[in-house]
Every structure is written in structure tokens, then in C-alpha cells.
Amino acid sequence: MKNCQVQNSRSPPLSSRFRKTDFGNHSSIVFIIKEERIMSTSAETISITKAEAEKTLKDCLFLGACKTEDADKYLSKESICEGISKYLIIKMPSTESQKALVREKDSIKAYLRMLAWSEEKAWKIAEENTKRDTKIVSLTKILFDDGFDEEDFLYVVTNKDKWLGASSALNLDTLRSFAEEHNTREIVLLPSSIHEMLIVPHPDTSIPYDSFVNEVNHSEVEPEERLTDRAYTIRF
């Protein structure tokens, strides 16, 4: 990774720093994020023609994020964050109330064989689609009206439908652009769930970010939706 360093963010024992803000406790932050997300279900079987398959992959092939220990069942790669892998996923066109997806390794490979696509081509398209679909919003704007005058100390990074969007935070170009926009050469990335991550644009070394992630994971996030129990410091 050129001109970039990613490392585990080690921090002192849990403090009350976050609770001293007007944003409330950790649970309230995660609750709001959950409420913003569109809850979805998966389709078990999808029949599709070759022409439909090509259009689907061009438009609907994205990246997902998972714990590396769970990555074997997907067509996956290591990401910039140790312990988190990215994988190919097809999000089929669907309604807001129900979403269909394809992500098992054998199913993805079947699509690629049908179209005679290389894995390299699939990864390139998935990266481009994921980057284009990325949404970064201030937690202040989620919790309060736009007119609330408060420093934006935390941002949510996800995708436009807030579903399986944590992979949006695994793109170095996206993170570098965010850092430049906020006039910082160092950010902290907090794995919130497989649906989103949090970005701290101006990290404070007195804040126990690892403890924050661990506490939220084990109190607010379902086991199957957790990523790692650690934070990542990224320097540009």
C-alpha cells in the first residue's frame, strides 16, 4: 500500500469520553444507525438467462465484507484491514421490502463461467460499482436536524441502501479522499457491522477506540453481523 499505513489502534482502558458528548451512549448511536438501515432477506434460488446475467453482473456486482475466518465460503480477498476480508456479491434488482443476493463462491463462479469472465474482470467491476455506491454521512446529520451546530466527530460509511455496505470503507482511494476533504493525514476506522463502518476524521489518542468497538459489538450487534473487535488507524 503506497504512502499508507494501516495498524491496530491500541488504546487505554475504557473511558467515558464519548458519553461526555451530547450524542448519548454507544447504544444510542448504534440504535440510530440500525433504524436507518433497510432490513432485507435473501433469495435462495434465482433463474437467469445469459443476457440477463451479463447485465446483472455489470450493474449489480459489488463487494461485501466479512470476518476473514468466514471468508472461505465466498470468492474473497484480504482487505486493507487485518481480520476483514472482502468478497464478490451480486445484489439482484429488488424492492425495498425484500432484497435478493448471490454470494456463495460456487454461485459466483458459475456466473463467471457462463459469461467467460475472468475473476480479475469481476473484481474490477465490483470495486467500481462499490465505490460509486458509497455514501458517507456525518453522524450529526443522522442524529440531529441539519441546523444543529455540533462538530462532526464521527461519520458513517456505507452504501446507498445501507445494506451490506461495510465494504465501502475498504477502498483506500475513498478513505484518502475523505482524509483530504477533512484536512487530516490520519483517520481511525471503526468496524460497526457488515452493513457499515465508522470513520473518526481527527482521532484523539485518549479515546479507547478498540474498547468502543468491542463494547458495541458484544452489546448491540448480532454475532453474524460482526466484523472485528478492533479499530484501525490509517495514515496517509
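**Exercise 1. State whether Lys 58 is buried, partly exposed or exposed, and describe its salt bridge.**

Solution. The structure is a predicted model.
Step 1. Lys 58 has a relative accessible area of 43%. Partly exposed covers the range between 20% and 50%, so Lys 58 is partly exposed.
Step 2. The partner of Lys 58 in a salt bridge is Glu 54, with 3.6 Å from N to O.
Step 3. Glu 54, at 32% relative accessibility, is also partly exposed.
Step 4. Both residues belong to helix H2, residues 50–60, and stand 4 residues apart, about one turn of the helix.

**Exercise 2. Find the partner of Glu 82 in a salt bridge, and say which parts of the chain the pair links.**

Solution.
Step 1. Glu 82 pairs with Arg 230, and their closest N and O atoms are 3.6 Å apart.
Step 2. Glu 82 sits in the loop between strand S3 (76–78) and strand S4 (84–92), while Arg 230 sits in the loop between helix H7 (209–220) and strand S10 (232–235). With these positions 148 residues apart, the pair links distant parts of the chain.
Step 3. Glu 82 has a relative accessible area of 58% and is exposed. Arg 230 has 18% and is buried, because buried means under 20%.

**Exercise 3. Describe the salt bridge of Asp 173 and Arg 176, and name the network these residues belong to.**

Solution.
Step 1. The side chains of Asp 173 and Arg 176 form a salt bridge at 3.5 Å, N to O.
Step 2. Helix H6 (residues 172–181) holds both, 3 residues apart, about one turn of the helix.
Step 3. Asp 173 is partly exposed at 40% relative accessibility, and Arg 176 is partly exposed at 23%.
Step 4. A network of salt bridges links Lys 131, Asp 173 and Arg 176.
Step 5. For the structure as a whole, the count of salt bridges is 7.

**Exercise 4. Classify the aromatic pairs of the structure and locate their residues.**

Solution.
Step 1. There are 2 aromatic pairs.
Step 2. Tyr 74 and Tyr 87 have ring centres 4.1 Å apart and planes at 20°. Planes under 30 degrees apart count as stacked, so this pair of Tyr 74 and Tyr 87 is stacked.
Step 3. Tyr 74 is in the loop between strand S2 (61–67) and S3, and Tyr 87 is in strand S4, so the pair ties together parts 13 residues apart in sequence.
Step 4. Tyr 74 is buried at 8% relative accessibility, and Tyr 87 is buried at 2%.
Step 5. The pair of Tyr 155 and Phe 178 is edge-to-face, with 5.2 Å centre to centre and 80° between the planes.
Step 6. Tyr 155 lies in strand S7 (residues 155–159) and Phe 178 in helix H6, 23 residues apart, and the pair links distant parts of the chain.
Step 7. Tyr 155 is buried with a relative accessible area of 9%, as is Phe 178 at 3%.

**Exercise 5. Name the residue that lies over the face of Phe 62.**

Solution. The residue is Lys 91, at 5.4 Å from the ring centre.

**Exercise 6. Give an overview of the chain: its helices and strands, buried share, contacts and surface.**

Solution.
Step 1. The chain contains 7 helices and 10 strands.
Step 2. Of its 236 residues, 48% are buried.
Step 3. Among contacts with a separation of 6 or more, 69% come from residues 24 or more positions apart.
Step 4. The accessible surface is about 12,200 Å², and carbon and sulfur atoms account for 45% of that surface.

Conventions: Residues numbered from 1 in each chain as written. Predicted model: local features only at pLDDT ≥ 70, side-chain atom pairs only at ≥ 80, totals over all residues. Heavy atoms only, no water. Salt bridge = Lys/Arg side-chain N within 4 Å of Asp/Glu carboxyl O. Helix = DSSP H or I, 4+ residues; strand = E, 2+ residues; numbered from the N terminus. Buried < 20%, exposed > 50% of the residue type's maximum accessible area, 1.4 Å probe, protein only. Contact = heavy atoms within 4.5 Å. Areas by Shrake-Rupley, 256 points an atom, 1.4 Å probe, with all protein chains shown as cover. Phe/Tyr/Trp six-rings, centres within 6.5 Å; stacked < 30°, edge-to-face > 60°. Lys NZ or Arg CZ within 6 Å of the ring centre and 35° of its normal.
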